[in-house]
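Trainee: Could you pick out one part of this model and take me through it slowly? I'd also like to know how far to trust it.

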Amino acid sequence: MPHSCPRGAPLPRYRSGEKGVIETMQATGSRERTFADESARLASLYASGILDTAPDPAFDAITRLAAEYFHADTAMIGFADETRFWVKSHWGDAIREQPREGSIFERVLLQDGPVEIADAGHEGPPFQGRSREAIFVAGVPVRCTERQILGTLAIFCREARGPLSPDELATLENLAEMAAAQLELQRLRRVMARHPARRSADRSEPAQKNGWPGSSELRRALERREFVLYYQPEVDLVTRKIIGLEALIRWRHPQRGLVPPMDFIPAAEESGMILPIGDWGLAEACNQIQLWREEDPRHGSLRVCVNLSARQFMREGLADHVESLLQKSGTSSRQLELEMTESSLIPNMQTALEVLGGLHTLGISLTMDDFGTGYSSLSNLHSFPFDVLKIDRSFVGRMGDGDQALQIVRTIIELARVLGMDVVAEGIETRDQYRLLRQMGCRYGQGYLFAKPLPPEDITRLLRLPGRILPDPEALYSAGEAAMA
C-alpha cells in the first residue's frame, strides 16, 4: 500500500478533546480496510516468522538509537496479529504485550502512515501503549517488502514537545526501515539455509581437494616473495576523486600465474600461515603508503585499507604490532585503515572490544566489511568503535532487482549517517548502480566501473591524474556511443 502522506510530510497530529476526529478516522478506516487487506497483511506477518522468533539484538540497537536521537523516555518496536500487539524490543520503560485495539499500532495502521499524538496523557483508557505518563507519542509503520504494515516503531516522551520536523520524521521512518530491512535479512537467511548455494566449479575447488596449497607451498611462496598487493581505488562518488585504496593480496605463482585470494587464503587460515602472510601484507601496505607520500606530499590524505583475517584480529598484541609497523615505515596512523568482517568479532566480543579500542587509540580508521550479512549486525555496529561501514557487493549488485534490495542499501546508508560513520559501497559495476547510490546519498564507493584492482605502478599513474580525479564513467560511455554511431 502507498503511504497516505509523503515521507517527511507533516504528521496527523491529535490532541485531547479531538476524540470525535479520532473516532471518525477509526470508523472510516474500519470500513475502508477490507477483509482481504487484513488477510494479506496477516499472511505477510506469519511468513516473516517474527512472532515465533526470539528477540533480535538488531531491534534493540534500533530502539536505542531512536530513544537517544529523540531524547525519548521509551522507544519500542512491536508487531500485531489479529488481536494482540507483541513488543519485540523496547528501550527505556518496559512495555509488554497488549491488546491491539486502541494501541499505537492500530492508529498507524488506520492512518496507513505516521501518526503523532500531542497530548497522550489525556487520551484515557482506550489508548494503549504509552510509556507510563507519556505526554507525546509518535509512531511510524514497519512495512514488509509487499508494503503491508506489520508493526510499528514508536517513541514516548513524558514531557510535552513540539511536532516532529520533516527531518525528524524522515529519521524515524528511516529507523523503521532498518527494522524492516532486518526482517528481510532474516527471511533471506532462512531461504539460504533451506537452499544452500552450490559451490562454484572453478579451478579453486579441485586445487583444494588435491591438497593444494599446503603450508609448505605457502611458506615457500612467502620466502620467495611471490605474494603481491594490488590496490583498488575508493572514490568520492560526487567528485570521483580517489580518497583511498583497498589492498588486495594476489599470489604470483611461477606455474599457475596470478592466483586470486579465494584459491589460497582458506588454506592459509586452516594451516595458520595466515598470520605471517598477514604480517607481510600489513608491512607491505605501510611501506607503499610511505612511497606514495614521498612522491607527492599531497598523498598524505590518502588512506590504504588492509583486510584483517579472524586469526590476525584475535592475536594477542595486535595493536602493539601495528604500532611498531607504523613507526618502522614512518607511516602516519591516519593513513592506515583496518577492515574486518562481523564474523571475526563474534567469537569473543570482550576481546574484540579491547582490540578495537587499542587500534582506535592509535588513530587508525576501523572498517566493518560485508555489513548486513552477519547475524546481529546492527547491535554489533552500535557497540564497536567503527569509523567506516562497507555495503556488501551482494546488496549493491541486486539494486536493480526491485524495491527490496534498494531498501536494504538505503537503510544501511541511513544507519551510517545516524551513527556518524562514512559509508563505502563495494562492487559498483554499472552506471545505474552509480546513479542510484548517489541519489541515495552514498558518498564513497569502489568497483570495476571506476577501476579494477591494479599493481602499485598502475595506481601511481592514477594518483598522478589532476586532483586524483578519475574519468567520468557517464562521459566515457557517451563518447563510446558517439564513436560507434
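Mentor: Trust first: confidence is at its lowest in helix H1 (residues 19-32), with a mean of 43, and at its highest in strand S8, at 98. That score is pLDDT, the predictor's confidence in each residue, from 0 to 100; helices (H or I, at least four residues) and strands (E, at least two) are DSSP runs numbered from the N terminus. This is a predicted model, where local features need pLDDT of at least 70 and side-chain atom pairs 80 or more, while totals for chains, interfaces and linings use all residues. Residues are numbered from 1 along each chain, and side-chain values use heavy atoms, without hydrogens or water. The protein's mean pLDDT is 82, with 81% of residues at 70 or more, but pLDDT stays under 50 over residues 124-130 and again over 197-207.

Now our part, the largest pocket: it holds about 1100 Å³ of space. A pocket here is an open set of points on a 1 Å grid where a 1.4 Å probe fits, with protein on both sides within 12 Å along at least five of seven lines; lining residues have an atom within 4 Å of a point. Of its 37 lining residues, Glu246, Leu248, Pro261, Ile265 and Asn307 come closest to the centre. S8 (227-236), strand S9 (242-253), helix H8 (265-271) and helix H9 are among the elements that each give the lining at least two residues, and so are strands S11 (303-307), S12 (336-341) and S13 (365-371). Helix H10 (310-314) does that too. Sorted by class, the lining has 18 nonpolar, 10 polar and nine charged residues.

Technical notes. Points joined across faces, edges and corners; volume = space filled by probe spheres on them. Nonpolar A, V, L, I, M, F, W, Y, C, P; charged D, E, K, R; others polar. Contact = heavy atoms within 4.5 Å.
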